[in-house]
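Reader: I would like to go through the pockets and the ligand site, with the criteria behind each term. Please start with how residues are classed.

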Amino acid sequence: MTNGPWWKNAVVYQIYPRSFADSNGDGVGDLEGIRQRLDHLAWLGVDAIWISPFFKSPMADFGYDVSDYCDVDPLFGTLDDFDALVSEAHAHGIKVIVDWVPNHSSDQHAWFVESRSSRDNPKRDWYIWRDPAPDGGPPNNWIGAFLEGSAWTFDETTGQYYLHLFLPEQPDLNWRNPDVIEAMHDTLRFWLDRGVDGFRMDVVMGIVKRADLADVEGGLVQMADESRYDPPAVHERLRAIRTLLDSYPGDRVSVGEVFVLSTARVAEYYGNNDELHLSFNFPPLFAPWDADKWRHRIERTETELGRVSAWPTWVLSNHDNARHRTRYGSSEGRARAAAVMLLTLRGTTFLYEGEELGLDDAIVPAERVVDPGGRDGCRAPIPWTADAPHGWNGAEPWLPFPPAAGDRSVETLLADEASILHLYRHLIAAKHASAALQTGDLTLLAAPDGVLAYERVLDEDARTVLVNFTGEPQSIDAQGIVDVSSIGTGEGEPFSGLLAPDEAVILS
Ligand code: NOJ
C-alpha cells in the first residue's frame, strides 16, 4: 500500500557501522557484520538502512573524514563486501542509503595532498586557501566545530591558511570550483551505479561559503548558523544533485543533514520539489519530553513544510546526540511512548541502531574517550547476546557497552514479547498496515495538560494517537479500539478513556 515513492512511507534504520556488528573479531563493526544481521532487520520490518561512512578514512572523525570517496576502508571490509551487502539487503526488501560527505574531505585525500603541495598546483583551488590576516592570524573569525578553535589552519609549506568547519583534518572543499562539482558528482555516480538507493548528505546546507568570507557576528558561530554560507549558491548545487539522482531509475533518494534550527529554513532546502527529496528537521530532536513543546514542534513542521509540500522526516536519536532515552530521563516508559509518537507522525521515520532496544548512552570513562566531539556515549556497541561479550567475540569493542547491556540485548528482548524491541516491531507493522499512518493528514486534537493527541486520516482509514507525557494517569475523551499500547495493555479492546503513566496508544 504505497502512495508515491518508496521513501515516503519508509522506516529507515541508521547503522553506525563501527558499533553495529563485528564479523572479524577486531572490536570494530564492519560491512560483513551488517550483512549477517539482515535477517534481524527484516524481522524488525525496516524498509531501508542508512549506513554512516565506511569509506577510506584516517578516522580523525570516525569516517566523516573521507580519504577516498570510492572505496571501502579495510577496517570495514572491501567493495566486494559492500556489493554482497547491497544485493542481500535488496533480496530482503531492504534499501541501502549511504552517507555522502560533500562539505569536506580528509586532509589525507589525494586531492588535498596535491592542493597543499604548492600554490600553483592544479588542485590548489579545490579547497579554500587564503592569505593570513595583516597580523598574521587567520583570515576571519570563524570557529571550527569540536575543538572550538579557529576554522583555519596555517600551512607552512605554502604560507597560507585553509578552511575547515570541523577538525583541521577535514579541509572544506571549494564548491565554487566546477571541477570539484564534477568530481563530487562522479562520487555519487560511483555508488548509484553500484545500486545504492540514496544518500544521506552530511552538512549539506554549508557546502558553499559566503563569497566574501567575512567575519560573522560573535565569531563563535555554530554549524547551524547560515551566516557563514551562501544559501542561493547551495540551492543551485542541490538542484544539480537532484537532477543527477533523478536521472537514475528507481526513486533514488537524498536526505540532507540540514543542520539549521528553524523548520521554516529547513523547508527551503527542498526547493520547489527540485532540491533535496527529504531533509532532517532537528528542532524536534532538541525538544524536551514535554507535551506542549512537542505539540508546538509538530505544528511548526506541519505548517512550514506544508507550505511548500515538502515531506517531513522524524528522528529522535543519531550518532551525534545523546540517545533520546537518556535525554528523556533514562525512562523506559518514556522511550516506549516516544516510539509510538515517532512511528505515527506524518513523514519518513528515521531510527538509530539500538533505540529499539531502549538503549541508554554508555558511560565512557575518561581513558576510553575517543571522539573529540564528545559523542562516544551514543556510539556504544550494540549488545547482541545476553552474556558478555554480547556477540562481540574477539578484541574488546572500541567503546564500552551501554548500561544493562545483557538485559537490553537483542537476544534477551527477542525472547520477551512484551519488550520494547517487540513494541518497535509492532509499531513498524502498524505503520505499514495503515494508509492513514503513512500518508494521511495529521490533525492535532484537544487534550488535557501533559497529553498530546492527534488524528491521522486518509479516506476511510483513521487512527488516533494519544501520548501521555506525564508520570500520572490521565483521562481523555477518545474512542476507538486499542491497536497498540506502549505498555501492551488493552490491545484489541475499546479504549477505556484512561492512559496509564507514560502510556501512548494508537486507536483505530
Ligand atoms: C555531521 C555528522 O553527522 C557528524 O558525525 C560529523 O562529525 C560532522 N557532520 C562532520 O562531518
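Author: Ala, Val, Leu, Ile, Met, Phe, Trp, Tyr, Cys and Pro count as nonpolar, Asp, Glu, Lys and Arg as charged, and the others, Gly among them, as polar. By those classes, the lining of the largest pocket has 13 nonpolar, 7 polar and 8 charged residues. This is a predicted model, where local features need pLDDT of at least 70, side-chain atom pairs count only at pLDDT 80 or more, and totals for chains, interfaces and linings use all residues. Numbering runs from 1 along each chain as its sequence is written, and side-chain values use heavy atoms, without hydrogens and water.

Reader: What makes a space a pocket?

Author: On a 1 Å grid over the protein atoms alone, a pocket is an open set of points with protein on both sides within 12 Å along at least five of seven lines, and lining residues have an atom within 4 Å of a point. The largest pocket is lined by 28 residues, with Phe 146, Met 223, Phe 259, Asp 320 and Arg 375 closest to its centre.

Reader: Why is the largest pocket said to lie between domain 1 and domain 2?

Author: Domain 1 (6-102 + 178-430) and domain 2 (110-163) both give residues to its lining, so the pocket lies between them. The domain bounds come from an automatic or database domain assignment.

Reader: Which pocket does the ligand take up?

Author: The ligand takes the space of the largest pocket; a molecule sits in a pocket if more than half of its atoms lie within 2 Å of the pocket's grid points.

Reader: What makes a polar contact with the ligand?

Author: A polar contact is a pair of N or O atoms within 3.5 Å. A polar side-chain atom of His 104 lies 2.9 Å from a ligand oxygen atom, and one of His 319 is also 2.9 Å from a ligand oxygen. For Arg 200, a side-chain N or O atom is 3.0 Å from an oxygen atom of the ligand.

Technical notes. 1 Å grid on protein atoms, 1.4 Å probe; cavity = no way out; pocket = protein on both sides within 12 Å on 5 of 7 lines; lining within 4 Å. Polar contact = N/O pair within 3.5 Å; in protein donor to acceptor, adjacent residues only side chain to side chain.
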